[in-house]
Amino acid sequence: MTDKTPLNRASADLERETLLMHASGRPGKIEVVPTKPLTTQRDLSLAYSPGVAFPCLHIARDPSLAYDYTAKGNLVAVISNGTAVLGLGDLGALAGKPVMEGKAVLFKRFADIDAIDLEVDTRDIDEFVNSVRFLGPSFGGINLEDIKAPECFVIESRLRELMDIPVFHDDQHGTAIIATAGLLNALELTGRRIEDTKVVVNGAGAAAIACVELIKASGIRHEHVTLCDTKGVIYQGRENGMNQWKSAHAVPTKARTLAEALEGADVFMGLSVKGAVTQAMVATMAERPIIFAMANPDPEITPEEVHAVRSDAIVATGRSDYPNQINNVLGFPYIFRGALDVRASTINDQMKVAAAKAIAQLAREDVPDEVDRAYQGRRLRYGSEYIIPVPFDPRLIAAIPPAVAQAAMDSGVARKPIVDLAAYKAELAARLDPTAASLQAIGDKVKAHPRRVVFAEGEEEKSIRAALAFKAAGYGTPILIGREEQIKETMAAQGLPGAEGLEIVNARVSDRREHYTEVLYKRLQRKGALHRDAARLVNQERNVWGALMVEQGDADAMVTGLTRAYWQAFDEVKRVIDPAAGQVLFGLNMLVARGRTVFMADTTVHEAPTAEDLADIAQQSAAKVRQLGYEPRVAMLSFSTFGNPDSHPTGRVRQAVRILEARGVDFEVDGEMAADVALDPDLLRHYPFCRLSGPANVLVMPSLHSANIAWKLMQKLGGGTVIGPILVGLDKPIQITAMDATVNDMVNMAVLAAYDSIES
Ligand SMILES: NC(=O)C1=CN([C@@H]2O[C@H](COP(=O)(O)OP(=O)(O)OC[C@H]3O[C@@H](n4cnc5c(N)ncnc54)[C@H](OP(=O)(O)O)[C@@H]3O)[C@@H](O)[C@H]2O)C=CC1
Ligand SMILES: CC(=O)C(=O)O
Ligand SMILES: [Mg+2]
């Protein structure tokens, strides 16, 4: 590529990273995980033949039992023929699959709905309808996606008639719901009356027609909406490129082009293609114009372009990297959640309006700290840069589905009404694990305060890739320690982009060498090191050099670990950096599995911790976990629970609990207790005196043996994600990965180290 503008470089980085992500490990983004054990002959005879005959026979007698005996009730099909893939046009069924897999995982991530993508390889309406209409028994709902207009209108309405489960074309109604929510708030913020507002919509396809219908249903007047397509304004009497859906919105007007239509308009809604609007056009709009440029992945006009000519504008796009993301991801997971939970037979207009109102209302409410923290650097207060909630707002799950479910019940389409709506809301709030939001919070904070992070093993390919990813994500400046020619050679051999934006430091030629040697010599001269030993360490040990950079303030943080056993890297770092005053050093792992996040300590340092050590580890773990956004509930683990069985080794753990009591710590802690009691609320109930208000999220292990074995077993057999060990207690932010760390692990650890340098 010859064009090396920052925008093109950024998109080349994004292309490389995205392709790598999709191809890494198991290709694609989804897999199927069994929910029942399948390990023994007995398991097999229950899950499959002969036992499985019984649920079949029961369902044959009473079809509603399919919701009790199969996954149907929580399963949605994301179905497309790929004729309008985002704003990329007709790429066909197969090429649309990455988007459909993406939609499926968004269902899971945001609303705990299992979804599977189905790509139907036909552009023929009848063939498509016939391929889908018989799939009803398998699913609780059908999400149609990226099917172009006008075929999508016919397909959706025919399937809605033919099927007794919700059929929802996301690009139409999901988009319309979110855009309407954003519009209601933008009108309020700019002091406009809905009935006076003049709207121009560019695009007259699936998303645009549905948006126009919903904003009109919300109070925008028919004659105040001008629709444009590739042929210009859709005026009354136009014949070229028309269809019945466009005709329904044609207005008498002299305007023939988008530019003419936009003169004096209050609102622009783009649901067309990248770059369809110019700065000159938005310059002619009314005071405080509202501009929703929603084409994906690139908007009709960027917020920077708008603000250069209209500083008074409220701007929204479909993208997550600008404020005001109007994207149907805010809608479809939650709308289906509510619909599935009442076994709705359809998603009707009342449910859509309820969703739009719930979303608009949420943006007006005070933003809780955890959401604010997650979007550091942005002002999440109802206003022109925050007209709509952000996708990682954990309140969405408790706000939208109940509104949708209630509307379904009120409008008579709920087949299983919810009796206790308050209990339903509480259940929804607890349904999703906050880890992703918390990691997002950490990453966003680093982006808001970019750091200089040393990647000590700078010549390693994984280090280079991690450094590039760190830079591309906007976390700051990576510093690679190594020989420039070597690093550049590896980059060229791997087809990686240039080293621009990376710093490369070669200890042997650095003008900081003498200084670092003196600093190290001063530290080590009474620990048996001669001057030449210090010089050798500075010259030859990258971990020592990197740690010195951090210690001397030449870098903010460091990550290492790929080329040395953990203990060796740890020893090298400790030559330069001490534990922070009054702190012990230890390892903390973050385990994410089965919808929950649990921290485990000490996984790296204390082989046989004393009661005092255990108390220190518990106290520092609680502080660290709080810093990461969790309220700690600490369990001091053992093989015994509250004295049963009573044995000598557990005394240490009990003593640690007494020490913590005496210190008057400000977090929940109790023990000794077995791991299953700590994690299982039903078992915990046998101990009503226990001071934990819920299952523990911090496990303090009695020894390094049990801790190290436990997290490694979890990593290899647990099916979850293990992050860490995170080194806690060092005076400077340095993290050591495992030798088999992936690029992603390295980036995570670099971000955690960078975060530490901001927080400390
Ligand atoms: N932010 C969000 O949540 C969502 C955004 N979208 C975006 O909306 C856009 C349209 O998607 P969708 O409705 O599904 O697709 P469709 O194929 O159904 O419709 C596309 C429409 O865009 C019009 N169009 C294309 N190019 C231009 C242009 N240069 N000027 C004016 N109109 C043009 C077409 O005009 P014609 O009729 O003359 O062919 C057609 O009416 C895409 O960019 C998509 O990414 C869609 C859904 C959700
Ligand atoms: C967001 C979406 O669904 C689209 O752009 O098509
Ligand atoms: Mg779409």
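How many ångströms separate the centres of domain 1 and domain 3, taken over C-alpha atoms? The separation of those two centres is 29 Å, and I start there because the domain bounds, which come from an automatic or database domain assignment, frame the rest of this talk.

Before going on, a word about the model: it is predicted, so that local features need pLDDT of at least 70 and side-chain atom pairs count only at pLDDT 80 or more, while totals for chains, interfaces and linings use all residues. Residues are numbered from 1 along each chain as its sequence is written, and chains are lettered from A and ligands numbered from 1 in the order in which they are written.

The assignment divides the chain into domain 1 (1–31), domain 2 (44–165), domain 3 (173–432), domain 4 (440–574) and domain 5 (586–729).

Let me turn to ligand 1. Its shell holds 30 residues, and Gly87, Gly205, Asp229, Ala295 and Gly318 are the closest; a residue is counted here if its C-beta atom, placed from the backbone, lies within 6 Å of the molecule. Domain 2 (44–165) and domain 3 (173–432) each contribute at least three residues to this shell. In terms of secondary structure, at least two residues apiece come from helix H8 (170–189), helix H9 (206–217) and strand E6 (225–229), where helices (H or I, at least four residues) and strands (E, at least two) are DSSP runs numbered from the N terminus. H9 gives the most, with three residues. By class, the shell around ligand 1 has 14 nonpolar, twelve polar and four charged residues, with Ala, Val, Leu, Ile, Met, Phe, Trp, Tyr, Cys and Pro counted as nonpolar, Asp, Glu, Lys and Arg as charged, and the others, Gly among them, as polar.

Around ligand 2 we find Leu86, Asp146, Asp170, Asp171, Asn296, Gly318, Asn327 and Asn328, which divide into one nonpolar, four polar and three charged residues. Two of these names come back when we look at the backbone. Leucine 86, in the loop between strand E1 (75–80) and helix H5 (97–111), has a positive phi of about 45 degrees although it is not a glycine. Asparagine 296 is joined to proline 297 by a cis peptide bond with omega near -5 degrees, and proline 297 belongs to the loop between strand E9 (290–293) and helix H13 (303–309). Another cis peptide bond, with omega about 10 degrees, links glycine 724 and proline 725, and proline 725 lies in strand E20 (residues 721–728).

Now to the helix packing. Two packed helices are described by the angle between their axes and the distance between the axes. The axes are lines fitted to C-alpha atoms, for helices over the stretch in contact, and the angles run from 0 to 180 degrees between N-to-C directions.

H8 and H9, which we met at ligand 1, have axes that come within 8 Å and cross at roughly 50 degrees. H8 and H9 are therefore oblique to each other, given that angles under 35 degrees count as roughly parallel, over 145 as roughly antiparallel, 65 to 115 as roughly perpendicular and the rest as oblique. Their crossing is right-handed, that is, the near helix is turned clockwise from the far one by less than a right angle. Among the residues making the contact are Asp171, Ala176 and Leu183 of H8 and Ala206, Cys211 and Leu214 of H9; residues are in contact if their C-beta atoms, placed from the backbone, lie within 7 Å. This contact has ten nonpolar, four polar and two charged residues.

Helix H14 (residues 332–341) packs on helix H17 (residues 396–410) at an angle of about 50 degrees, with the axes 7 Å apart, which makes H14 oblique to H17. Here too the crossing is right-handed. The contact includes Tyr334, Ile335 and Arg337 of H14 and Leu396, Pro401 and Val404 of H17, and its residues divide into twelve nonpolar, one polar and two charged.

Finally, helix H22 (residues 513–524) and helix H23 (residues 531–540) have axes that come within 8 Å and cross at roughly 125 degrees, and H22 and H23 are therefore oblique to each other. Tyr516, Leu520 and Leu524 of H22 and His531, Ala535 and Val538 of H23 are among the residues in contact.

Note on methods:
Contact = placed C-beta atoms within 7 Å.
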